[in-house]
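This report looks at how the parts of one model meet, beginning with a nucleic acid strand and then turning to the contact between two protein chains.

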Number of protein chains: 2
Amino acid sequence: MSTKSSPRAPQRSRTASPNRRERAVDHRAAGAAAAPTFKPIHTRRTFEEICERIREQLALGVLKPGDKLPAERELAQQLGVSRNVLREALRSLEMAGVLRLQKGVKGGAFIQQGDTRRMNEVMRDMLSLGTISVRELSEARVHVLDLVVQLACANARRADLDALEANIERTELATREGRLLDRVECSREFYKLLAASTGNKVIAMIVDSVTEIHMRFVYAKVASSGVAMARLAEKRRQFLAALSERDVALASRLLRSHLESVQRMLEQDPGAMSLHVALADVQPGMRR
Amino acid sequence: MSTKSSPRAPQRSRTASPNRRERAVDHRAAGAAAAPTFKPIHTRRTFEEICERIREQLALGVLKPGDKLPAERELAQQLGVSRNVLREALRSLEMAGVLRLQKGVKGGAFIQQGDTRRMNEVMRDMLSLGTISVRELSEARVHVLDLVVQLACANARRADLDALEANIERTELATREGRLLDRVECSREFYKLLAASTGNKVIAMIVDSVTEIHMRFVYAKVASSGVAMARLAEKRRQFLAALSERDVALASRLLRSHLESVQRMLEQDPGAMSLHVALADVQPGMRR
DNA sequence: TTCCATTGAATGGGTGATCCATTTAATAAT
DNA sequence: ATTATTAAATGGATCACCCATTCAATGGAA
């Protein structure tokens, strides 16, 4: 069996590529003879290797945001792989938010500034796959937001508070004009601004991802039932006042009680709260 | 210009696919004539659409972990796309931890149980890209771990405490035998167990991702300098005792002071703390 | 000269055909 | 019955194209 050659005739000009991959390690010769060398698993596929190489260059600082990779055709040749498999790797990195591919002359694969929205997608997938539950997510959100309040009280700058103020004004306007769904959008932004005011992007990223999902449920609820949180802007103002005065205890209490009331709103009529309604539109949050 | 046909001769049998994609919307006919219909942007690429469709099926619950997608050749035909572009989509989903591809007869694309390690990769990329800083990461870790202690005190079960106990014993053994690097591995696991004891997988996932990176720095430090945290297991025991007695204040204080001493250890000789040393090996954490 | 249309090359997007390696079930040989 | 062989299905990878977009260079008209 080991000597069986391909029955096909032409066989073309394979092994023509300069850097032929070393993966083809000749399984035939190692048949049953004198080699106690257990080559490790070796299931690593080409595109994984490519991703790894590129990430390596990134970690090493050789590649930085804004840099451009060689054109696909050229890079493929450099790596000694086909263009298709290179594209699989580039696709993966693009989905990971590491690259952005741009067409045309002067196009190419550009290293991106990290896109923090990517964590949202992780959360969504985990939820879709049933790895995490809505309950765990809500619970985590409450706790993390409590932490956020502490940090925001400690670190929020004037500009942060102003941005929150402006957000509340937009909320009031939307309320007056009865644009309920816009108000939900304002809420999403409120928490984003609040998270940013901690001055810690890691925390902000976590809060954003968890809030993004939460807001989908709120959105679905508001869109389907038309209910709306009463005195929203008013509560926000009270909270912002506490935050401005660095009153952690008060701010924390206000937010927690608000979150609880939102939770109650969501939980009445739980039938409408199905996962797929909230997660249905897969794309938002990925808008560019 | 609009009537210019392809100069090439053969042109092959294109448009032969049954479900030809509707993307080819005939740009020629819409030249300058009577159509005020602004077709929306439509820059969406095929593979994105495919990913979206599959994620949609997931969110809807039509696809569940363990399910198998049709074979590539067949699915490509169903979707009316080439196998290559389908593979790009599958690759992306695989990297996202949603799918796993398996070779051979009875192989195929299987929906996975969500892999929480995926968030680690997001954090690593963010760090590599300079979107977040090591400082922010450490800070976030301290705060989140403080939260974890609270939750663990409230929710840790007997089994969780036992697992922590067992971990400490392994730590002691590694210490006695001078296996410093193994001890770092024990530490990583300690925090993983601690995070799990909160009973909230979202929190656990966050802690794990942040800890995973932190431990790379510790590992690099220990590997290069040979220094080691003094009285580690002892401190762990004290902490575990506090946790067992649900003494939040004490446990929190103990952990915080430990984290601070680790931080001091890392920060002396900051030259060895470069990013690329810690992030160099891209793959770990993705071991299967 | 200045401005605008045309052209052409580079680049990512996408296709189809073909081959390889692995895995498993069915089949044949012992 | 057990074991080796074969065959088929499937993911992995390659090659050779073609298309659409983008943009710099070119060239002609104002």
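In this predicted model, the surface near DNA strand D is made up of 7 nonpolar, 12 polar and 12 charged residues. In total 31 residues surround DNA strand D, and the closest are A:Arg45, A:Thr46, A:Ser82, A:Asn84 and B:Arg91. Where the protein comes within 4 Å of the strand, 61% of the strand's atoms belong to sugar or phosphate, while the rest belong to bases.

Three side chains, listed below, illustrate how polar atoms of the protein are placed against different parts of DNA strand D.

| Residue | Part of DNA strand D | Distance |
|---|---|---|
| A:Thr46 | phosphate oxygen | 2.4 Å |
| A:Lys103 | sugar or linking oxygen | 3.5 Å |
| B:Arg73 | base oxygen | 2.9 Å |

Several elements give two or more residues to the surface near DNA strand D: from chain A, helix 3 (83-95), and from chain B, helix 2 (72-79), helix 3, strand 1 (99-102) and strand 2 (108-111). Among these, helix 3 of chain B gives the most, with 4 residues.

The second topic is the contact between the two protein chains. The size of an interface is often given as the accessible area lost when the parts come together. For chain B and chain A this buried area is about 5,600 Å², and carbon and sulfur atoms give 62% of it. To this contact chain B brings 61 residues, and chain A brings 61 residues as well.

Which kinds of polar pairing are found across the interface of chain B and chain A? The rule finds 14 salt bridges there, and in one of them the side chains of B:Arg87 and A:Glu88 meet, with 3.3 Å from N to O. The count of residue pairs in polar contact between chain B and chain A, with both residues at pLDDT 80 or more, is 20.

On the side of chain B that touches chain A, at least two residues each are supplied by helix 1 (46-59), helix 3 (83-95), helix 4 (118-128), helix 5 (134-155), helix 8 (201-225) and helix 11 (275-279) of chain B. Helix 5 of chain B provides the largest share of that side, 9 residues. Divided by class, the residues of the side of chain B that touches chain A are 29 nonpolar, 14 polar and 18 charged.

Helix 3 of chain B thus appears in both descriptions, since this helix gives residues to the surface near DNA strand D and also to the side of chain B that touches chain A.

How values were computed
Residues are numbered from 1 along each chain as its sequence is written. Chains are lettered from A and ligands numbered from 1 in the order in which they are written. This is a predicted model: local features need pLDDT of at least 70, side-chain atom pairs count only at pLDDT 80 or more; totals for chains, interfaces and linings use all residues. Side-chain values use heavy atoms; hydrogens and water are left out. Contact means heavy atoms within 4.5 Å. Buried area is the accessible area (1.4 Å probe) that two parts lose on being put together, summed over both. A salt bridge is a side-chain nitrogen of Lys or Arg within 4 Å of a carboxyl oxygen of Asp or Glu. A polar contact is a pair of N or O atoms within 3.5 Å; within protein, one must be able to donate a hydrogen and the other to accept it, and residues adjacent in sequence count only if both atoms are side-chain atoms. Ala, Val, Leu, Ile, Met, Phe, Trp, Tyr, Cys and Pro count as nonpolar, Asp, Glu, Lys and Arg as charged, and the others, Gly among them, as polar. A residue is near a molecule or strand if one of its heavy atoms lies within 4 Å of it.
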